[in-house]
Amino acid sequence: MGTARKYNIIDPATGKIDRRIFSEQTIYDDEMEKIFGRAWLMIGHESLVPAEDDFFHTYMGEDPVILTRDGHGRLHALLNMCRHRGNRVCRVDDGNAKRFTCTYHGWTYRNDSALEYVPGESEAYYGALDKSSLGLIEARVETYAGIAFATWAKDAPSLEAYLGDARWYLDTVFNRRDGGMQALGPMKWLEPVNWKTLVDNCSDNYHVPTSHLASARVQTRYLGRPRLSHEDQFESPNKHAFVNGHSITFRDADDNAPRYMHGVSSETFQLFQEYHDATMPEVERRLGTLRARRVQLGNHSIFPNGILGLRLALPRGPLKTEFWHFVLLDRDAPEELKRVIRIGSQANNGAAGMFEQDDVDNWRQVTAASTSRFGRRHPQDLSMGLGHAGAHPDYPGLVSERYISENNQRLFYRRWEEFMNAESWAGIPLDLIKARFDGTATMQG
Ligand code: FES
Ligand SMILES: [Fe+2]
């Protein structure tokens, strides 16, 4: 019969979760193999490599990867490791190059991975080197609405199947306009936190009125944003949904108001409203009426480490995470709108962001607790809303009855277990695509 289940870290009946998953090196090492070694990982955006021979340096888990666009316009994700001794063949963040030359002995690779030139190939190697087997190691790459994903797993399902019905929600931001989106950045910084804590935080709205009280008051006072209270949150018609490991929160809007974004203020609201109204016929054609007018994506994460739009939580050890914060903008939005969103994004998220600083302090403490000799013996409690989620007639995925619930957190850690306990992709369950994707938008934009 099958192999014994190795990880049993969350009790589905009580929501108790073992804190050691946030600090133990052996568990972390296993995560790098079983999660980051086979999930589809967000690695960048097509707009970062718009022209032939453009490249952008990124990471899959801890592994350095070059996202390239070759001379035929095709994308590649290449492990930044010379096949000779292992030197990095690319030392810069981005650029345009047909080839990458290793600075150790000069092996030279094309941007489609092939090893093209080796000094002394006939003299030193006597013509015996099999260059065709020594190209840069290449991951599978697929895109969704311009966002580049890659996986090392040859047996992984398609990206479309991996995203599943989460795309029904994600489309409402990432696949909204014919012209697609553009990514700016990233801003990068390191924090002493475990990568999972911030992913779990992406669908935790419970913390907002407490952790972000001061930041929210600043917004109310200076930007005219409505006051935020626990009472509003508990009564909120907004929702939580969970699909295939991806956590979604969304607003069911029936008031024709544009989706809230950092950058909206009493001064700029009119700009957002005009843009919302002017683009609605196009958005309705692309997404259908329900998604165009009513579904507004809120905080969300894409399993395992994509958070709040194009932000990456790159693991750097059990107690360290490198954050990458991009700003994603509708490419064809008016410049003035792009400017206020760019400024608003950085004022609230990113290394110096007001909300980010509130969050990061919590995440540090949560990670530190998992290293406490005595504290770590006691589990985290993720019991809120147990038994209060299920199928919904209008919305795909497993939908919580209330906006404030820990259902998504419990399911995130259960997804973690599914990856960690599976021998291969054949052992990782995947929900079938059931949502009705009205409109013309596709995986390709
Ligand atoms: S390590 Fe790259 S050429 Fe030797
Ligand atoms: Fe937060």
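These are my notebook entries on the metal site, the sheets and the salt bridges of a predicted model.

**Entry 1: ground rules**

I am working with a predicted model, where local features need pLDDT of at least 70 and side-chain atom pairs count only at pLDDT 80 or more, while totals for chains, interfaces and linings use all residues. Residues are numbered from 1 along each chain as its sequence is written, chains are lettered from A and ligands numbered from 1 in the order in which they are written, and side-chain values use heavy atoms, with hydrogens and water left out.

**Entry 2: the iron ion**

I looked up what holds the iron ion (ligand 2). Its donors (N, O and S atoms within 2.8 Å of the metal, or 3.2 Å for Na, K and Ca) leave out water, so sites may look incomplete. I found His207 (NE2), His212 (NE2) and Asp359, the last listed twice through OD, at 2.1 to 2.6 Å. Along the sequence, the donor residues are spaced H-x4-H-x146-D.

Why is the arrangement around the iron ion (ligand 2) irregular? The four donor atoms subtend angles of 55 to 146 degrees, and that makes it irregular. For four donors, tetrahedral needs all angles between 85 and 135 degrees; square planar, like octahedral for six, needs opposite donors over 155 degrees apart and all others between 65 and 115; anything else is irregular. I also noted that ideal angles are 109.5 degrees for four tetrahedral donors.

Are histidine 207 and histidine 212 buried or exposed? Both are buried (under 20% relative accessible area; exposed is over 50% and partly exposed in between, with a 1.4 Å probe and protein chains only).

**Entry 3: two sheets**

Next I followed the strands (DSSP runs of E, at least two residues; helices are runs of H or I, at least four, and both are numbered from the N terminus). Two strands pair if DSSP finds at least two bridges between them.

One open sheet has three strands in the order β7-β8-β9, with antiparallel pairing. β7 (99-101) and β9 (115-117) stand at the edges with a single partner strand each, so one side of each has no neighbour in the sheet. From one strand to the next, the twist averages 35 degrees. Strand β8 (residues 108-110) is joined to β9 by two bridges, and threonine 108 stands opposite tyrosine 117 in β9.

Another open sheet has nine strands, ordered β12-β18-β17-β16-β15-β14-β13-β21-β20, with antiparallel pairing. Its edge strands are β12 (181-191) and β20 (389-390), each pairing on one side only. Nine bridges link β12 to strand β18 (residues 321-330) in the antiparallel sense, and methionine 181 has aspartate 330 in β18 as its bridge partner.

**Entry 4: salt bridges**

I ended with charges. Side chains of opposite charge can pair when their charged atoms come close. A salt bridge here is a side-chain nitrogen of Lys or Arg within 4 Å of a carboxyl oxygen of Asp or Glu.

How many salt bridges does this rule give? The count comes to 30. Among them, arginine 110 meets aspartate 112 at 2.9 Å, N to O, and arginine 110 is partly exposed at 34%. Glutamate 160 meets arginine 167 at 3.1 Å; glutamate 160 is partly exposed at 36%, whereas arginine 167 is buried at 5%.

I also noted arginine 291 with aspartate 171, their closest N and O atoms 3.0 Å apart. This pair links distant parts of the chain, 120 residues apart: arginine 291 lies in helix α8 (residues 269-294) and aspartate 171 in helix α3 (residues 166-174). Both residues are buried. Finally, Lys6, Asp30 and Lys34 are linked in a network of salt bridges.

Technical notes:
Axes are lines fitted to C-alpha atoms, for helices over the stretch in contact, and angles run from 0 to 180 degrees between N-to-C directions.
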